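This briefing is written for a reader who has the sequence and the three-dimensional view at hand. Please keep both in sight while going through the points below.

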Amino acid sequence: MQDQVLIVDDEPLVCESLDELIKRNGYKTYKAYNGHEALEFIKKEIPSVIITDINMPKLDGMQLLLKTKDIAPEVPVIIITGYGTIQTAVEAMKHGAYDFIMKPFSNSDIGEIIRKAISSQNKNKINIAEKFISHHNPKHGIITEDPEMLEIMKKVRRIAQTDSTVLIQGESGTGKELIARAIHRLSHRSDGAYVAVNCAALPEGLIESELFGHERGSFTGAVARRIGKFELAHGGTLLLDEVSEMDIPFQAKLLRALQEREIVRVGGTQSIGVDVRVVATTNKDLIKEVEKGNFREDLFYRLCVVPIFLPPLREREDDIPILAQYFINKFCSKVGIKHKDISQDAVGFLKEHTWPGNVRELENTIERALSLAESESIKPDDLLLTKRKKPSRYISLKLGTSIYDAEKELILRTLEYSGGNKQKTSEILGITSKTIRSKLHQYKEK
């Protein structure tokens with residue numbers, strides 16, 4: 001995806017001249033002939049850079065700068081100034097302008113200033129992300145500028161102050177465990193233990209012993225008492241990763257432990273009280289698993305006191321460049337190699353990918369690209385990605401389409417776009433999950 005430059009000047013000839021110069025430098029351009037028009041554009045779509053004349057009627061460049069900083073503080077604003085207005089331009093820079101261009105200007109001047117402005121913007125985004133990581137979790141941070149993810153992090157900070165059980169749902173590689181760690185670190189239990197259990201990796205017969213512990217001689221091989229994960233997490237947080245993989249018989253025992261806040265070791269008779277905050281994760285639609293009979297409904301509601309749904313990376317397009325740059329910095333520092341950049345073509349290619357493996361796949365892709373890149377900049381060929389078509393965010397209907405068919409098309413296409421996640425689909429369409437399930441049932445019958 002090309003970087004976008006918004007040109008603002010009330011003189012049409014200047015605007016057209018700038019437009020031509022900037023296009024020659026490989027940027028996509030938009031033109032606005034006054035400050036109000038520019039402001040309306042910025043409210044709808046955030047450009048990469050804004051170049052504005054300072055002397056304009058009604059809403060001048062200084063006022064546009066100040067209003068832009070309120071809407072999109074990360075966007076570099078470059079001021080165009082003529083002879084005799086340098087002091088005003090300097091004043092604009094005090095209020096956050098990135099730089100100023102003196103009239104008359106050359107192609108090389110324009111290209112160099114825009115390139116530096118975009119580079120500065122990208123570094124600023126990374127710095128913001130890294131500050132977020134160092135404040136919340138230096139080792140396991142969530143890097144994001146996506147509005148939905150930022151709202152989720154606000155929610156995380158709120159719920160961390162409670163002891164409510166949390167169910168984190170999302171595709172593999174979206175960062176479910178990172179959110180779980182953030183909940184623990186931000187909670188009053190942060191000084192206690194954080195214990196993670198991968199339910200999918202435990203054989204059916206061992207999960208009870210793993211979580212509740214066992215007494216000596218309770219089964220063949222139990223040569224000594226063993227303390228389970230619930231007891232180890234006493235006073236802290238217990239993560240039940242991929243909780244949907246638990247077998248039905250043990251789900252009933254887990255339900256009791258959550259309700260009574262006590263466990264009984266395998267082979268034991270004494271109830272042991274546990275003070276544990278439980279966070280569960282799954283990459284499956286648990287409602288669907290309940291309907292199939294693979295997961296207990298009562299356990300689902302016990303776990304889903306506070307639900308969190310993590311969006312897939314394909315729905316966080318603006319996060320892809322800053323994540324890619326973060327991983328580049330991370331691996332270059334780790335291996336001790338010279339820092340590399342990533343080309344705009346490569347960034348555009350990353351944004352077009354569907355990312356079935358989400359952030360984890362992006363991290364592996366960047367590590368591979370750094371190993372293969374022969375130049376100082378990662379190119380599309382270094383990524384070794386197969387181009388895939390994203391599900392369209394639009395639908396088209398013929399005149400005469402019935403309300404039933406239009407509704408069906410909208411629900412099915414939204415379900416496809418959300419990766420089959422009924423909860424996400426219901427949120428997008430503003431209807432309940434129950435309605436979604438009911439409608440899908442109707443469509444299967446006809």
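Where is the place of Ile395? Ile395 sits in the loop that runs between helix 16 (380-383) and helix 17 (403-417). The model is a predicted one, and the points that follow are grouped by topic.

**A nonpolar patch on the surface**

- Ile395, Leu397 and Leu410 together make a nonpolar surface patch of about 230 Å².
- Ile395 counts as partly exposed because its relative accessibility is 33%, and partly exposed residues are those between the limits of 20% and 50%.

**The N-terminal β-α-β unit**

- Strand 1 (residues 4-8) pairs with strand 2 (residues 28-32) in the parallel sense, over 5 bridges.
- One residue to locate here is Ile7, whose bridge partner in strand 2 is Lys31.
- Helix 1 (residues 12-24) joins strand 1 and strand 2 in a β-α-β unit that is right-handed.

**The largest nonpolar core**

- In soluble globular proteins, nonpolar side chains tend to be buried together.
- The largest nonpolar core in this model has 31 residues, and those that touch the most other members are Leu211, Phe230, Leu238, Leu240, Met246, Leu254 and Leu303.
- Two or more residues of this core come from each of several elements, including the strands 7 (194-198), 10 (237-241) and 13 (277-282).
- Helices that also give two or more residues to this core are helix 8 (207-212), helix 10 (248-260), helix 11 (286-292) and helix 12 (297-303).
- Helix 10 provides the largest share of this core, with 5 residues.

**Salt bridges**

- Side chains of opposite charge can pair when their charged atoms come close.
- The model has a count of 27 salt bridges.
- One of them is formed by the side chains of Asp163 and Arg189, with an N to O distance of 2.9 Å.
- Asp163 is in the loop between helix 6 (147-159) and strand 6 (166-169), and Arg189 is in the loop between helix 7 (176-185) and strand 7, so this pair ties together parts that lie 26 residues apart in sequence.
- Asp163 is partly exposed, at 38% relative accessibility, whereas Arg189 is buried, at 3%.
- A salt bridge also links Glu171 and Arg314, whose closest N and O atoms are 2.5 Å apart.
- Glu171 belongs to the loop between strand 6 and helix 7, and Arg314 to the loop between strand 14 (306-309) and helix 13 (319-335), so this pair ties together parts that are 143 residues apart in sequence.
- Glu171 counts as partly exposed, with a relative accessibility of 23%, while Arg314 is buried, with a relative accessible area of 16%.
- Arg261 and Asp275 form a further salt bridge, in which the closest N and O atoms are 3.3 Å apart.
- Arg261 lies in the loop between helix 10 and strand 11 (262-264), and Asp275 lies in the loop between strand 12 (271-273) and strand 13, so the pair ties together parts that are 14 residues apart in sequence.
- Arg261 is partly exposed, with a relative accessible area of 38%, and Asp275 is partly exposed at 32%.
- Asp163, Arg189, Arg261 and Asp275 are linked in a network of salt bridges.

**Two glycines in loops**

- Gly217 is in the loop between strand 8 (213-214) and strand 9 (226-227), and it is exposed, with a relative accessible area of 57%.
- The C-alpha atom of Gly217 is separated by 9.8 Å from that of Val266, and the two residues are 49 residues apart along the chain.
- Gly236 is in the loop between helix 9 (229-232) and strand 10, and it counts as buried, at 0% relative accessibility.
- The C-alpha atoms of Gly236 and His184 are separated by 7.7 Å, and these residues are 52 residues apart along the chain.

**Positive phi angles outside glycine**

- Lys58 has a positive phi, near 65 degrees, and is a residue other than glycine.
- Lys58 is located in the loop between strand 3 (49-53) and helix 3 (61-71), where it counts as exposed, at 80% relative accessibility.
- Glu242 is not a glycine, yet its phi is positive, at about 55 degrees.
- The position of Glu242 is in the loop between strand 10 and helix 10, and Glu242 counts as buried because its relative accessibility is 14%, under the limit of 20%.

Key:
Residues numbered from 1 in each chain as written. Predicted model: local features only at pLDDT ≥ 70, side-chain atom pairs only at ≥ 80, totals over all residues. Heavy atoms only, no water. Pairing = 2+ DSSP bridges. Helix = DSSP H or I, 4+ residues; strand = E, 2+ residues; numbered from the N terminus. Right-handed = clockwise from strand over helix to strand, strands pointing away. Patch = residues over 30% accessible without salt bridge, like charges linked within 9 Å, V, L, I, M, F, W, Y side chains within 5 Å. Areas by Shrake-Rupley, 256 points an atom, 1.4 Å probe, with all protein chains shown as cover. Salt bridge = Lys/Arg side-chain N within 4 Å of Asp/Glu carboxyl O. Buried < 20%, exposed > 50% of the residue type's maximum accessible area, 1.4 Å probe, protein only. Core = buried A, V, L, I, M, F, W, Y, C linked by side-chain atoms within 4.5 Å.
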